Amino acid sequence: MKRRIEELKAELPGQVTLVAVTKTHTVEQIKEAYDAGLRDFGENKVQEMIEKQPQLPTDVRWHLIGHLQRNKVKYIASFVHLVHSIDSLKILEEINKQAAKNERIIDCLLQIHIAEEETKFGLTRTEATHLLDSPQFKQMKNISICGLMGMATFTDDEHQVKKEFSNLKKIFDHLKSTRFSSEASFKTLSMGMSGDYHLAIEEGSTMVRIGTAIFGSR
Ligand SMILES: *Cc1c(COP(=O)(O)O)cnc(C)c1O
């Protein structure tokens, strides 16, 4: 695993953050990745994250990358580093509330639906702008929107995947210039997984979420 991590790190451009996706993998495997120098770990389920978090050093940055339910926010609000999967105003309201209780600001990404598959979560570009322009959002004091996340269609068609990532980058640039022009914290474009991170980086990704290429298949 150490070699795979070193190869990946050498391959990724300096401005791209590597989030190691640890879902279904054991604490021992995560510790091995930690010892190889990784600090950013991504889980897609709250339950799994809260089981693992106390067993790892406190300087781990925990990323919630899967769909988040409102009744689970309270379990991660004290420590989560970045929530990638904001797909409604309602979930943001709950995160804002729990962040306030913990006297912190929680960094979040809006998940944008870019894939062809109907099953993938996420907001359309229009929904995202409506959310950002809503009075409810503007009142939230304990949320920082730091960028966008998206998942491409699961396909061998590289042209299709590239087109979807390029579309996400366009939405990112548009929101940055129209809604976040004075906010340096809007800078993260989370796109790219084991099978498509090369394409994502070509299209402007600043954060890749990689499981299989580090830990092997699940
Ligand atoms: C599982 C998962 C990944 C990582 O997938 P790999 O193909 O194993 O690299 C990335 N992002 C999300 C949202 C995931 O659920």
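Colleague: How many of the seven residues of strand E5 are buried?
Modeller: In this predicted model, strand E5 spans residues 106-112 and is mostly covered. Of its seven residues, the number that count as buried is six.

Colleague: Which residue in E5 does Val83 stand opposite?
Modeller: Strand E4, residues 82-86, runs parallel to E5 and is joined to E5 by three bridges. Together with helix H5, residues 89-101, these two strands make a right-handed β-α-β unit. Within the pairing, the residue opposite Val83 is Cys108.

Colleague: How many bridges pair E5 with strand E6?
Modeller: Strand E6 covers residues 143-150 and pairs with E5 in the parallel sense, and in this pairing Ile106 stands opposite Ile143. The number of bridges between E5 and E6 is seven.

Colleague: Why does Asn142 count as buried?
Modeller: Asn142 is placed in the loop between helix H7 (135-138) and E6, and, leaving aside residues up to four places away in sequence, Asn142 touches Asn96, Ala99, Ala100, Arg104, Ile105 and Ile106. Buried means under 20% relative accessible area. Asn142 counts as buried because its relative accessibility is 16%.

Colleague: Which helix gives the most to the largest nonpolar core?
Modeller: The largest nonpolar core has 62 residues, and those with the most contacts inside it are Ile95, Leu110, Ile145 and Leu148. With six residues, the helix that gives the most to this core is H8.

Colleague: Which residues does Ile95 touch, not counting residues up to four places away in sequence?
Modeller: Ile95 is one of the residues with the most contacts inside the largest nonpolar core. With that sequence limit applied, the residues in contact with Ile95 are Leu68, Val73, Val83, Ile86, Ile106, Cys108 and Ile143.

Key:
Residues are numbered from 1 along each chain as its sequence is written. This is a predicted model: local features need pLDDT of at least 70, side-chain atom pairs count only at pLDDT 80 or more; totals for chains, interfaces and linings use all residues. Side-chain values use heavy atoms; hydrogens and water are left out. Buried means under 20% relative accessible area, exposed over 50%, partly exposed in between (1.4 Å probe, protein chains only). Helices (H or I, at least four residues) and strands (E, at least two) are DSSP runs, numbered from the N terminus. Two strands pair if DSSP finds at least two bridges between them. A crossover is right-handed if, with the strands pointing away from the viewer, the path from the first strand over the helix to the second runs clockwise. Contact means heavy atoms within 4.5 Å. A nonpolar core is a set of buried Ala, Val, Leu, Ile, Met, Phe, Trp, Tyr and Cys residues joined through side-chain atoms within 4.5 Å.
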